[in-house]
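Student: Could we go through this structure together? I would like to begin with one residue and work outward.

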Amino acid sequence: MKTNLWKKCLLAFGMFLFLTVLLPPVFGNTLVASASTIDENQSDIKLNVKSKSLVKESTFSLKLYNVTDSQKVSYKSGASSIATVDDTGLITAVDYGTAIITVTVKDGLKTVATLECEITVGPPALSVKLTKSELTLVAGDKTSLTAILKPNNTVEEARFWSNDSTIATVSVGGRVTAKSAGVTYVFVAIGNGKYDYCKVTVLEKADVTPTESAQ
């Protein structure tokens, strides 16, 4: 009698261990894996730009991100007399004005995304002039160069570059960063070949006197 009772107790204890210790980790791992899979698959379809200004007769490529191989992409211009777009997303500026490029993404018969990009077509720049002809900076300093383009209604963007990037670098928008002691030139140019430049002198911090630092 006691033997049977003892066996029943052992059996009950074994079932308790199985239900409370072994099963929860198995179910827990399954839930975590499912949540991780869902997070990894959630990506929004997006364009590289939402708006863009173009000089007449220039081109620009729209790029689409997070599109799968099974999805079909189509492009359409709302005003082809101003800007056209081909099947690859290449936009051509035709005439002055504004056009909306609509991008549609379909998966089978279902439309999964509709995106728009505003294109403004304007005149090119005829001249460019920097507001500063010389700069003196301490290594590590940053400042901005401003380029004045004419006519005022141009949509062209000036192109900046440094003659020696080990001394000073310049960003696309004209932000100059002093790197090391020396003298270099930062240039700015437009599409018709006209340009201007600024002489940049960079000093090491040890070479700067307290009076110069206060200026």
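Tutor: Certainly. This is a predicted model, and a convenient starting point is Tyr-195, which is found in strand S18.

Student: Is Tyr-195 buried or exposed?

Tutor: Tyr-195 is exposed, because its relative accessibility is 52% and the cut-off for exposed is over 50%.

Student: Which residues form a nonpolar patch on the surface?

Tutor: Tyr-195 belongs to that patch together with Val-183, Tyr-185 and Tyr-197. Their combined accessible area is about 400 Å².

Student: And which elements give two or more residues to the nonpolar patch?

Tutor: Two strands do so: S17, spanning 182-189, and S18, spanning 195-203.

Student: Turning to pockets, what volume does the largest pocket have?

Tutor: Its volume is about 170 Å³. Strand S2 (51-55) and strand S3 (59-61) each give two or more residues to the lining of the largest pocket.

Student: Which of the elements gives the most to that lining?

Tutor: S2 does, with 4 residues. The lining residues include Lys-52, Ser-53, Leu-54 and Val-55, as well as Val-155, Glu-156 and Glu-157.

Student: Now the cysteines. How many disulfides are there?

Tutor: The count is 0 disulfides.

Student: Is Cys-117 buried or exposed?

Tutor: Cys-117 is buried, because its relative accessible area is 0% and buried means under 20%. Cys-198 also counts as buried, at 0% relative accessibility.

How values were computed:
Residues numbered from 1 in each chain as written. Predicted model: local features only at pLDDT ≥ 70, side-chain atom pairs only at ≥ 80, totals over all residues. Heavy atoms only, no water. Disulfide = S-S within 2.5 Å. Buried < 20%, exposed > 50% of the residue type's maximum accessible area, 1.4 Å probe, protein only. Patch = residues over 30% accessible without salt bridge, like charges linked within 9 Å, V, L, I, M, F, W, Y side chains within 5 Å. Areas by Shrake-Rupley, 256 points an atom, 1.4 Å probe, with all protein chains shown as cover. Salt bridge = Lys/Arg side-chain N within 4 Å of Asp/Glu carboxyl O. 1 Å grid on protein atoms, 1.4 Å probe; cavity = no way out; pocket = protein on both sides within 12 Å on 5 of 7 lines; lining within 4 Å. Points joined across faces, edges and corners; volume = space filled by probe spheres on them.
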